[in-house]
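Visitor: I should be grateful for a close look at one part of this structure, namely its largest pocket. Please describe the pocket itself, and then set it against the rest of the protein.

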Amino acid sequence: MLNKREGFRRAFADFHLEKVCAFTAMDVERLMQDDAIIRHRRKIEAAVGNARVFREIQREYGSFDCYLWRWTAGKTVHECGLTTSPLSDALAKDLKKRGMKFVGSTTIYSYLQAVGVIESHEPGCFLSGTCLSV
């Protein structure tokens with residue numbers, strides 16, 4: 001997947017939200033022919049649909065960041081050794097209810113780690129001083 005990052009960036013208009021939201025069925029067909037990306041029709045369609053849901057969340061909450069942090073009252077969650085949690089379960093469920101696809105609890109948990117909502121450095125990591133073992 002990481003080897004295809006630049007292909008995805010090019011194919012999805014540098015991830016420019018409004019451009020991706022404007023993709024049509026013709027764009028999906030174009031992407032299905034692009035061997036620089038993973039060509040899975042449902043995932044391509046989901047990426048376009050998820051962008052539209054993302055935009056609606058931004059409009060509703062002011063930013064996607066505000067939406068995310070409301071789930072933890074603005075506090076970072078410290079935990080280790082997990083791949084899902086009640087937080088990622090609830091967030092995935094809400095995103096699915098809003099219409100997002102391919103947003104299961106494990107994917108959302110990884111995303112929350114990547115953006116800093118969940119801090120989960122394992123023991124032995126040079127950053128592990130704040131992690132509470134589960």
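Guide: The accessible surface of the protein amounts to about 8400 Å², and carbon and sulfur atoms account for 56% of that area. The model is a predicted one, and every value quoted here is computed from it.

The largest pocket has a volume of about 1300 Å³. Its lining comprises 26 residues, of which M1, F15, A47, N50 and T107 lie closest to the centre of the pocket. Two or more lining residues come from each of α1 (5–11), α2 (17–21), α4, α5 and α7. The greatest contribution is that of α4, which gives 7 residues to the lining. Sorted by class, the lining of this pocket holds 21 nonpolar residues, 2 polar residues and 3 charged residues.

From the pocket one may turn to the nonpolar cores. The largest nonpolar core contains 17 residues, and the members that touch the most others are Y67, L91, L95, I108 and L112. At least two residues of this core are supplied by each of α4 (41–61), α5 (64–70), α6 (86–97) and α7 (105–115). Helices α4, α5 and α7 thus recur, since they also appear among the elements that line the largest pocket. Within this core, I108 merits individual attention: leaving aside residues up to four places away in sequence, I108 touches S88, L91, A92, L95 and V103. Apart from the largest core lies another core, made up of 13 residues, including F12, F23, M32 and V48.

The wider setting is as follows. The protein has 7 helices and 2 strands, and their order along the sequence is α-α-α-α-α-β-α-α-β. Taken along the principal axes, the C-alpha atoms fill a box of roughly 50 × 35 × 20 Å. Of the 134 residues in the protein, 35% are buried. Among contacts with a separation of 6 or more, 56% join residues that stand 24 or more positions apart.

One residue offers a contrast to these buried cores. F126 is located in the segment after β2 (118–119). Is F126 buried or exposed? F126 counts as exposed because its relative accessibility is 77%, and the threshold for that class is over 50%. M32, a member of the 13-residue core, is 94 residues from F126 in sequence, and the C-alpha atoms of these two residues are 42 Å apart in space.

Notes
Residues numbered from 1 in each chain as written. Predicted model: local features only at pLDDT ≥ 70, side-chain atom pairs only at ≥ 80, totals over all residues. Heavy atoms only, no water. Core = buried A, V, L, I, M, F, W, Y, C linked by side-chain atoms within 4.5 Å. Buried < 20%, exposed > 50% of the residue type's maximum accessible area, 1.4 Å probe, protein only. Helix = DSSP H or I, 4+ residues; strand = E, 2+ residues; numbered from the N terminus. Contact = heavy atoms within 4.5 Å. 1 Å grid on protein atoms, 1.4 Å probe; cavity = no way out; pocket = protein on both sides within 12 Å on 5 of 7 lines; lining within 4 Å. Points joined across faces, edges and corners; volume = space filled by probe spheres on them. Nonpolar A, V, L, I, M, F, W, Y, C, P; charged D, E, K, R; others polar. Areas by Shrake-Rupley, 256 points an atom, 1.4 Å probe, with all protein chains shown as cover.
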